[in-house]
Amino acid sequence: MSDIDDISSCQILGIRFFNGDVDEAVASMFRQGGFLVAPSGTCFARLREDETYRHAVVGADLAIADSGLMVVLWRLLRREKVHRISGFKYLKHLVGKLKGEGNTTVCWVLPSESARQKLLDWSSRERFSIKRENCYVAPRYGSDVEDRSFLALIEQQRPAHVIIAIGSGAQEKLGYYLRENLSYRPAIHCIGAALGFLTGDQVSIPEWADRLYLGWLCRLVAQPGVFIPRLSRAVELPLLIWKYGEKLPPLRSGGQK
């Protein structure tokens, strides 16, 4: 971690997870800037497969424990409590604070033109002003993420916040790329599908389901063909935690550089 408050944390699989409440996490990002990640339970296997991804996640300024499975496993196997903050909950509190600030500039990074339109429609319903020119539809990135056009756009607009909602893997690499190459330090929030839960671009998750760690089940029921393959990757997490604990798992031979 770099340039961050002296906050409570817990290291799991080489990642230093924030161990406070959601408002403290949001306040820290407003105060310090940098970039935030929220790895889900299906992301941890990628730590052994993709060197660029693991470098970005381990180097994040703030990591929140989005994965209910990870939180439960850590308590069972390590007898330590980690405060779970889902990406969805974090985003709702972030949006609430942005609304309160009123004139804070934000750039939104989205996976498709459809997602952009749903965000704009949602902002109109919520009376939360978002301009089309502040919404960037990201290209489909490869294993390495370097987007000079977007970097130049951010330098020109100089938003205080960049909210990246393009899905795990690419978004963490993009967040890290921006932090390392921008001439100033905005708050960069990598929140993945959470934005779609608000705008309707993804299946809606009730608050009770998010609170009970069942958001994954709602998504599975809604789109089984998409989420069964993703959730199957989470089966590696118990073994990773049991075997490596606080340590970063080694990169597998042949992993992406």
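Q: Where does Glu-113 fall, given that buried means under 20% relative accessible area, exposed over 50%, and partly exposed in between?
A: The model is a predicted one. Glu-113 has 38% relative accessibility. Because values between under 20% and over 50% count as in between, Glu-113 is partly exposed.

Q: Which residue forms a salt bridge with Glu-113, and is that residue buried or exposed?
A: The side chain of Glu-113 meets that of Arg-116, at 2.4 Å from N to O. Both residues lie in helix H5, three residues apart, about one turn of the helix. An α-helix has 3.6 residues a turn, so residues three or four places apart point the same way. With a relative accessible area of 15%, the partner, Arg-116, is buried.

Q: Why is strand S5 described as largely enclosed by the rest of the structure?
A: In a regular strand the side chains alternate between the two faces of the sheet. In S5, Val-106, Trp-108 and Leu-110 point one way, while Cys-107 and Val-109 point the other way, and all are buried. Strand S5 is therefore largely enclosed, the number of its buried residues being five of the five.

Q: Which strands pair with S5?
A: Four bridges join S5 to a strand at residues 161-164 in the parallel sense, and Val-106 stands opposite His-161 there. Three bridges join S5 to a strand at residues 135-137, which also runs parallel to S5. In the latter strand, Val-137 is the bridge partner of Leu-110. The two strands are S7 and S6.

Q: What is the handedness of the β-α-β crossover from S5 to S6?
A: The strands S5 and S6 run parallel. Between them the chain passes through helix H5, residues 113-126. The crossover is right-handed.

Q: Which residues have the most contacts inside the largest nonpolar core?
A: This core has 45 residues. Leaving aside neighbours within four places in sequence, Leu-178 is in contact with Phe-150, Leu-151, Val-162, Ile-164 and Ile-188. Another core of 34 residues lies apart from the largest one, and includes Val-106. The residues with the most contacts inside the largest core are Leu-174 and Leu-178.

Q: How wide is the arc covered by the buried residues of helix H12?
A: The buried residues of H12 are Leu-237, Leu-240, Ile-241 and Tyr-244. They lie on the same side of H12, because the arc that they cover around the axis is only 95 degrees.

Q: Which exposed residues does the face of H12 turned away from its buried side carry?
A: Helix H3 is included in what covers the buried residues of H12. The face turned away from that buried side carries exposed residues, and these are Leu-239, Trp-242 and Lys-243.

Q: How many residues apart in sequence are the parts tied together by the pair Arg-252 and Glu-49?
A: The side chains of Arg-252 and Glu-49 meet in a salt bridge of 3.6 Å, N to O. Arg-252 lies in the segment after H12, and Glu-49 in the loop between strand S3 and helix H2. The pair therefore ties together parts whose separation in sequence is 203 residues.

Q: Which residues are linked in a network of salt bridges?
A: Side chains of opposite charge can pair when their charged atoms come close. The structure holds 13 salt bridges, including one between Glu-155 and Arg-158, with the closest N and O atoms 3.3 Å apart. The residues linked in a network are Asp-61, Arg-179, Glu-180 and Arg-185.

Notes: Residues numbered from 1 in each chain as written. Predicted model: local features only at pLDDT ≥ 70, side-chain atom pairs only at ≥ 80, totals over all residues. Heavy atoms only, no water. Buried < 20%, exposed > 50% of the residue type's maximum accessible area, 1.4 Å probe, protein only. Pairing = 2+ DSSP bridges. Right-handed = clockwise from strand over helix to strand, strands pointing away. Core = buried A, V, L, I, M, F, W, Y, C linked by side-chain atoms within 4.5 Å. Contact = heavy atoms within 4.5 Å. Arc of directions from axis to C-beta. Salt bridge = Lys/Arg side-chain N within 4 Å of Asp/Glu carboxyl O.
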